[in-house]
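Trainee: Please take me through the words used for this model, one at a time.

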Amino acid sequence: MASISLRSVSKWYGNVVAVNDVSLDVEPGITGLLGPNGAGKTTALHMMAGLAAPSEGEIEALGQPVRDNPEVYRRLGMMSEHEAVYPFYSGRKFVELAARLHGLPDVGAAVDRAIRYVGLSDAQDRALGTYSRGMRQRMRLAAAMVHDPEALLLDEPLNGTDPRQRIEFHDMMRRIASEGRTILISSHILEEVETVADRHLLMVSGKLAASGDFRAIREKLDEQPYKVRILCDDPRAMAAALMRLDTVESVSMDDGAALVLSRNVAALQRAVPVTARDLGLRLTRVEPLDESLESVFSYVVEG
């Protein structure tokens, strides 16, 4: 059962259409909401959280209409894109504020649990202004989770974080999802959520362009050829041989490698080692260049 559902949802501001007739489901686990800046991701998240009303359509979260529904708000956690923190507040005071706004009966216990969950107990009494970007993001996550929500909506949570902090964040997301919660992570940097999300939603110009895991999305775009990079000790000989295959659309040379476009990668992958053997060539690398969300996204946008 979907935790969050949008049905024919649109949102406009005057003559500007931010979200255009979007229908989607967000299920338990981790879902990536992807797209370039200005695609409508933040507007969609705000509507899912009940912070904005749709101009048209219906939105349900956890089985109930989300707008003007405090019961649902108590079951949702929202982490906005922008750092709305007082730098002079301690981390603990910041999370306490969120707990009090939710009217929690035992603020101290809830704050202890949330800060311990994000691994910042040792730093909780320091001012937020002394935190690194990654630490601030984790403490903001603690504030979003202090009321123990069933679903988390995270808008660009990895902005400004370094690779180590991203790995730590991914580990935390997997741990949260393993408890049966729903997590929706919005990002315009696709590789940030490619490995952590179970499912992806791609928004472009206010519309839902594709959904599913990225390989499933890519399979839906079979009118576009796949790109494969082949390294061997004589790439020109390999390129000339591959051009004779029915599965190959075109071959070009790039920095000592053969770049092959094919609509049937499985057949190409079977043909490449046979061709290398017949030519007496040594293969060093066969690298599909379309097995990433970045390439999927570029096909959706440019197509």
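Mentor: A crossing of two helices is left-handed if the near helix is turned anticlockwise from the far one by less than a right angle, and right-handed if clockwise. Helices (H or I, at least four residues) and strands (E, at least two) are DSSP runs, numbered from the N terminus. This is a predicted model, in which local features need pLDDT of at least 70 and side-chain atom pairs count only at pLDDT 80 or more, while totals for chains, interfaces and linings use all residues. Residues are numbered from 1 along each chain as its sequence is written, and side-chain values use heavy atoms, with hydrogens and water left out.

Trainee: How many helices and strands are in the protein?

Mentor: Eleven helices and 14 strands. The C-alpha trace spans about 75 × 45 × 35 Å along its principal axes.

Trainee: Which hand does the crossing of α9 and α10 have?

Mentor: α9 passes α10 in a right-handed crossing, the hand given to a clockwise turn.

Trainee: At what angle do α9 and α10 pack, and what makes α9 oblique to α10?

Mentor: The angle is about 125°, with the axes 10 Å apart. Angles under 35 degrees count as roughly parallel, over 145 as roughly antiparallel, 65 to 115 as roughly perpendicular and the rest as oblique. The angle of about 125° fits none of the named ranges, so α9 is oblique to α10. Axes are lines fitted to C-alpha atoms, for helices over the stretch in contact, and angles run from 0 to 180 degrees between N-to-C directions.

Trainee: Which residues make the contact between α9 and α10?

Mentor: A237, M238, A241 and L242 come from α9, and L268, V272, T275, A276 and L279 from α10. Contact means heavy atoms within 4.5 Å. The residues divide into eight nonpolar, one polar and no charged. Ala, Val, Leu, Ile, Met, Phe, Trp, Tyr, Cys and Pro count as nonpolar, Asp, Glu, Lys and Arg as charged, and the others, Gly among them, as polar.

Trainee: How do you know that the buried residues of α9 line one face of the helix?

Mentor: In α9 (residues 235-242), the buried residues are P235, M238, A239, A241 and L242. Seen down the axis, they fall within an arc of 165°, so they line one face. The arc is that of the directions from the helix axis to the C-beta atoms. Among the elements that cover these residues are β11 (226-232), β12 (248-254) and α10 (265-279).

Trainee: Why is E96 called buried?

Mentor: Buried means under 20% relative accessible area, exposed over 50%, and partly exposed in between (1.4 Å probe, protein chains only). The relative accessible area of E96 is 15%, so E96 is buried. E96 lies in α3 (residues 91-101) and touches V107 and V111, leaving aside residues up to four places away in sequence.

Trainee: Why do Q137 and A177 count as buried?

Mentor: Q137 has 1% and A177 has 18%, so each value is under the 20% limit. Q137 is in α5, and M79, E83 and E156 are among the residues Q137 touches, again leaving aside those up to four places away. A177 is in α6 (residues 163-177). A177 and G29 are 148 residues apart in sequence but 5.1 Å apart in space, C-alpha to C-alpha.

Trainee: What share of the 303 residues of the protein counts as buried?

Mentor: The share is 50%.

Trainee: Why are α3 and α5 described by the words they are given?

Mentor: Their axes come within 8 Å and cross at roughly 25°. That angle is under 35 degrees, so α3 and α5 are roughly parallel. The crossing is right-handed. G91, F94, V95 and A98 in α3 meet M139, R140, A142 and A143 in α5, and these divide into six nonpolar, one polar and one charged.

Trainee: What stands out about the phi of L62 and of D148?

Mentor: Most residues other than glycine have a negative phi. L62 has a positive phi of about 55° although it is not a glycine, and the phi of D148 is near 60°, also positive. L62 is in the loop between β4 (56-61) and β5 (64-65), whereas D148 is in the loop between α5 (133-145) and β7 (151-155).

Trainee: Are L62 and D148 buried, partly exposed or exposed?

Mentor: L62 has 15% relative accessibility and therefore counts as buried. D148 has 44%, which lies between the two limits, so D148 counts as partly exposed.
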